[in-house]
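Biologist: Got a minute to go through this one with me? Let's put it up on the screen first.

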Amino acid sequence: MNKKAKAHYRRNRNKRIREQIFDILGGECVDCGYDSDLRALCIEHKNGGGTQERRRRGGDYRFYILKQILAGSKNYQILCANCNQIKKEVLKEHGEE
């Protein structure tokens, strides 16, 4: 498989995993209920630490999150981009990224 095909495969796989996570977690922002466009929704770590997890896990972090959720983890939620940004401001999570 060439580089272009691998990149296409990874994008599609990540999109499917992301959609599966949204299905499991309800597919809407837990704060405001926004659900009109999945592109504006974020998989959010309730207790912070998402940036470190992405760095530690690399390209498979969505698959890791999916496995955690399927195993019963309650550490993740869905937030829209606005609510996610507000949470970062309130909790002063800016140093994390």
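Modeller: Sure, and let's fix one word before we start: a residue is buried when its relative accessible area is under 20%, exposed when that area is over 50%, and partly exposed in between. Also keep in mind that this is a predicted model.

Biologist: Okay. How many salt bridges does the structure hold?

Modeller: The count is 2 salt bridges. K87 pairs with E44, and their closest N and O atoms are 2.4 Å apart. That pair links distant parts of the chain, with K87 in helix α4 (residues 81-91) and E44 in strand β1 (residues 41-45), 43 residues apart.

Biologist: Are K87 and E44 buried or exposed?

Modeller: K87 is buried, and E44 is buried too.

Biologist: And what does D37 form a salt bridge with?

Modeller: With R39, where the closest N and O atoms are 2.7 Å apart. D37 is partly exposed at 23% relative accessibility, while R39 is exposed at 73%.

Biologist: What lets side chains like these pair up, in general?

Modeller: Opposite charges can pair when the charged atoms of the side chains come close.

Biologist: New topic, cysteines. How many disulfides are there?

Modeller: The structure has 0 disulfides. C29 is in none, and the nearest cysteine sulfur to it belongs to C83, 3.7 Å away.

Biologist: Why is there no bond from C32 to C29?

Modeller: Because the sulfur of C32 is 3.7 Å from the one in C29, its closest cysteine sulfur, and that is too far for a bond. The cut-off for a disulfide is sulfur atoms within 2.5 Å.

Biologist: Remind me what kind of bond we'd be talking about?

Modeller: A covalent one, joining the sulfur atoms of two cysteines.

Biologist: Where do C29 and C32 stand on burial, buried or exposed?

Modeller: C29 is buried, with a relative accessible area of 1%. C32 is partly exposed, at 49%.

Biologist: On to rings. How many aromatic pairs does the structure hold?

Modeller: It holds 0 aromatic pairs. There are charges over rings, though: the charged end of R13 sits over the ring of F63, 5.0 Å from the ring centre. R54 does likewise with Y61, its charged end being 5.9 Å from the centre of that ring.

Biologist: Y61 is in α3, right? Which residues of helix α3 are buried?

Modeller: Yes, α3 covers residues 61-70, and its buried residues include Y61, Y64, I65, L66 and I69.

Biologist: What do the buried residues of α3 pack against?

Modeller: They pack against α1 (3-25), β1, α2 (50-57) and β2 (76-80).

Biologist: And what happens just after α3?

Modeller: G72 takes a positive phi there, about 105°. S73 lies in the loop between α3 and β2, and S73 counts as buried at 16% relative accessibility. A polar atom of the S73 side chain lies 3.2 Å from the backbone nitrogen of N75.

Biologist: Last one. Where is N47?

Modeller: In the loop between β1 and α2. N47 is exposed, with a relative accessible area of 68%.

Biologist: How far apart are N47 and L91 in space?

Modeller: They are 10.0 Å apart, C-alpha to C-alpha, with their positions 44 residues apart in sequence numbering.

Technical notes. Residues are numbered from 1 along each chain as its sequence is written. This is a predicted model: local features need pLDDT of at least 70, side-chain atom pairs count only at pLDDT 80 or more; totals for chains, interfaces and linings use all residues. Side-chain values use heavy atoms; hydrogens and water are left out. Rings of Phe, Tyr and Trp (its six-membered ring) pair if their centres lie within 6.5 Å; planes under 30 degrees apart count as stacked, over 60 as edge-to-face and the rest as tilted. A charge sits over a ring if NZ of Lys or CZ of Arg is within 6 Å of the ring centre and within 35 degrees of the ring normal. Buried means under 20% relative accessible area, exposed over 50%, partly exposed in between (1.4 Å probe, protein chains only). A salt bridge is a side-chain nitrogen of Lys or Arg within 4 Å of a carboxyl oxygen of Asp or Glu. Helices (H or I, at least four residues) and strands (E, at least two) are DSSP runs, numbered from the N terminus. Contact means heavy atoms within 4.5 Å. A polar contact is a pair of N or O atoms within 3.5 Å; within protein, one must be able to donate a hydrogen and the other to accept it, and residues adjacent in sequence count only if both atoms are side-chain atoms.
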